Amino acid sequence: GGQTADRAKCRLDAAGALSVDGAATDFQTAEAGLRRRVAERPNLTMILYIDPACPWQYVVEAVAVAQRSRVENFSFKKDGGS
């Protein structure tokens, strides 16, 4: 069904650049967008794919974004790199 709308797929690349659902963005913009989506869909799941080479401070910032935007379900996975 329409499950994809309940998922925000975020990705941090090796340089720490953030993208949400395939679109490059920054942490501030991502947080605003996630807040809007959580307001519409309280059971939104945020999945964060992390490149193993990504500097840790970006991972910390992305987790903070998830917390501040009140995402109900948050998980992160190591990105195998393609």
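The legends below describe close-up views of a predicted model.

**View 1. Strand 1 and its two faces.** Side chains alternate along strand 1. A8, C10 and L12 point to one face and are buried, whereas R7, K9 and R11 point to the other face and are not buried. Strand 1 pairs with strand 4 in the parallel sense over six bridges, and C10 stands opposite L48 of strand 4. With strand 2, strand 1 runs antiparallel, joined by three bridges.

**View 2. The hairpin of strand 1 and strand 2.** Five residues lie between the two strands of this hairpin, and G16 has a positive phi near 90°. Within the pairing, R11 of strand 1 has S19 in strand 2 as its bridge partner. S19 counts as buried because its relative accessibility is 16%, under the 20% limit for that class. Leaving out residues up to four places away in sequence, S19 touches K9, C10, R11, A24 and T25.

**View 3. Surroundings of C10.** C10 belongs to the buried face of strand 1. Apart from neighbours within four places in sequence, C10 is in contact with L18, S19, V20, M46, I47, L48 and Y49. One of these contacts, L48, is also the residue opposite C10 in strand 4.

**View 4. Helix 1 and its buried side.** Helix 1 comprises residues 27-40, a run of 14 residues. From first C-alpha to last, helix 1 reaches 20 Å, close to the 20 Å expected at 1.5 Å a residue. Its buried residues are F27, A30, E31, G33, L34 and V38. These residues lie on the same side of helix 1, because they cover an arc of only 170° around the axis. An α-helix has 3.6 residues a turn, so residues three or four places apart point the same way. The face turned away from the buried side carries the exposed residues Q28, R36, A39 and E40.

**View 5. The start of helix 1 and its packing partners.** At the start of helix 1, a side-chain oxygen of D26 comes to within 3.1 Å of the backbone nitrogen of Q28. The buried residues of helix 1 pack against strand 1, strand 2, strand 3 (23-25), strand 4 (45-50) and helix 2 (56-68).

**View 6. The largest nonpolar core.** This core has 19 residues, of which C10, L12, L18, F27, L34, M46 and L48 touch the most other members. At least two residues of the core come from each of strand 1, strand 2, helix 1, strand 4 and helix 2. Two of the residues named here, F27 and L34, are among the buried residues of helix 1.

**View 7. Two loop residues with positive phi.** D21 lies in the loop between strand 2 and strand 3. Although D21 is not a glycine, its phi is positive, at about 50°. With a relative accessible area of 43%, D21 is partly exposed. R70 is placed in the loop between helix 2 and strand 5 (73-78). R70 is likewise a residue other than glycine with a positive phi, near 60°. At 65% relative accessibility, R70 counts as exposed, being over the 50% limit.

**View 8. F76 in strand 5.** F76 is found in strand 5 and is partly exposed, with a relative accessible area of 47%. The C-alpha atoms of F76 and I47 are separated by 5.5 Å, although the two residues are 29 residues apart along the chain. Not counting residues up to four places away in sequence, F76 touches L48 and I50.

Conventions: Residues numbered from 1 in each chain as written. Predicted model: local features only at pLDDT ≥ 70, side-chain atom pairs only at ≥ 80, totals over all residues. Heavy atoms only, no water. Helix = DSSP H or I, 4+ residues; strand = E, 2+ residues; numbered from the N terminus. Expected span 1.5 Å × (residues − 1). Buried < 20%, exposed > 50% of the residue type's maximum accessible area, 1.4 Å probe, protein only. Arc of directions from axis to C-beta. Contact = heavy atoms within 4.5 Å. Polar contact = N/O pair within 3.5 Å; in protein donor to acceptor, adjacent residues only side chain to side chain. Core = buried A, V, L, I, M, F, W, Y, C linked by side-chain atoms within 4.5 Å. Pairing = 2+ DSSP bridges.
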